Amino acid sequence: MNPTYFLAPDLIGEIDIPQRGILSRTLHDDNDVKVVLFGFSAGHELSAHTAPMPAALYFLEGEADLTLGADTQPVKAGAFAHMRPFLSHAVVARTPLVMLLIMMKGLKREKETGGD
């Protein structure tokens, strides 16, 4: 393993889609970035949640409903989303799904509280 870069030559080959449920596999995790690959069986979901850092989602295989804030839209293989810190988001797999999550830990922020 080279400490100056990370390479995953075959993302889809890194995970199996479970018969039921969601499987996640952390491919890389350092002080700056965490990369997690997800396999969803049809009908399973990551319920709405937030993260204190920017993140990106890349859909590699399948179809899903993606909620970003108040908007929900269908996505399929090839779709990409970037999220600011603390944006509520959720994913519901409509078919077996493979999704890559990239969390930019080096840009982690504290939640801002109300001001003037």
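## Val91 and its surroundings

Val91 is found in strand β8, in a model that is predicted rather than determined by experiment. With a relative accessible area of 2%, Val91 is buried, since the cut-off for a buried residue is a relative accessible area under 20%.

Leaving aside residues up to four places away in sequence, Val91 touches Phe40, His44, Glu45, Leu46, Leu57, Phe59, Ala64, Asp65, Leu66, Leu97 and Met99. One of these partners, Leu57, lies 34 residues from Val91 along the chain, and the C-alpha atoms of the two are separated by 10 Å. Another of the residues touched by Val91 is Asp65, which also takes part in a salt bridge with Arg94.

## Overall architecture

The protein contains nine strands and zero helices, so that, read along the sequence, its pattern is β-β-β-β-β-β-β-β-β. Of the 116 residues in the protein, 33% are buried. Among the contacts with a separation of 6 or more, 63% are accounted for by residues that stand 24 or more positions apart.

The C-alpha trace spans about 50 × 40 × 20 Å along its principal axes. For 116 residues, a compact globule would have a radius of gyration near 13 Å, and the 15 Å of the protein agrees with this. The protein exposes about 7,300 Å², of which carbon and sulfur atoms supply 50%.

## The four-stranded sheet

Strand β8, which holds Val91, belongs to an open sheet of four strands with the order β3-β8-β5-β6 and antiparallel pairing. The edges of this sheet are formed by β3 (45–49) and β6 (71–76), each of which pairs on one side only. On average, and with direction ignored, neighbouring strands of the sheet are turned by 20° against each other.

Within this sheet, β5 and β8 run antiparallel and are joined by five bridges. In the register between them, Leu68 stands opposite His89 in β8. Strands of a sheet pair through backbone hydrogen bonds, either parallel or antiparallel.

## Salt bridges

Side chains of opposite charge can pair when their charged atoms come close. A search of the whole structure finds four salt bridges, three of which are described here, beginning with the pair formed by the side chains of Arg25 and Glu14 at 2.3 Å, N to O. Arg25 lies in strand β1 (residues 22–29) and Glu14 in the segment before β1, so this pair ties together parts that are 11 residues apart in sequence. Both partners are partly exposed, Arg25 with a relative accessible area of 39% and Glu14 at 24% relative accessibility.

The side chains of Glu63 and Arg94 meet in a further salt bridge, at 3.9 Å from N to O. Because Glu63 lies in strand β5 (residues 63–68) and Arg94 in the loop between β8 (89–93) and β9 (97–103), the pair ties together parts that are 31 residues apart in sequence. Arg94 also forms a salt bridge with Asp65, where the closest N and O atoms are 3.6 Å apart. Asp65 lies in strand β5 and Arg94 in the loop between β8 and β9, so in this case the parts tied together are 29 residues apart in sequence. Through shared partners, the salt bridges join Glu63, Asp65 and Arg94 into one network. Each member of the network is partly exposed: the relative accessible area of Arg94 is 42%, Glu63 stands at 33% relative accessibility, and Asp65 at 28%.

## An unusual backbone angle at Phe86

Most residues other than glycine have a negative phi. Phe86, although it is not a glycine, has a positive phi of about 70°. Phe86 lies in the loop between β7 (80–83) and β8, and, with a relative accessible area of 26%, Phe86 is partly exposed. By contrast, Val91 in the strand β8 itself is buried, at a relative accessible area of 2%.

How values were computed: Residues numbered from 1 in each chain as written. Predicted model: local features only at pLDDT ≥ 70, side-chain atom pairs only at ≥ 80, totals over all residues. Heavy atoms only, no water. Helix = DSSP H or I, 4+ residues; strand = E, 2+ residues; numbered from the N terminus. Buried < 20%, exposed > 50% of the residue type's maximum accessible area, 1.4 Å probe, protein only. Pairing = 2+ DSSP bridges. Axes fitted to C-alpha atoms, helices over the stretch in contact; angles between N-to-C directions. Rg over C-alpha atoms; globule rule 2.2 N^0.38 Å. Contact = heavy atoms within 4.5 Å. Areas by Shrake-Rupley, 256 points an atom, 1.4 Å probe, with all protein chains shown as cover.
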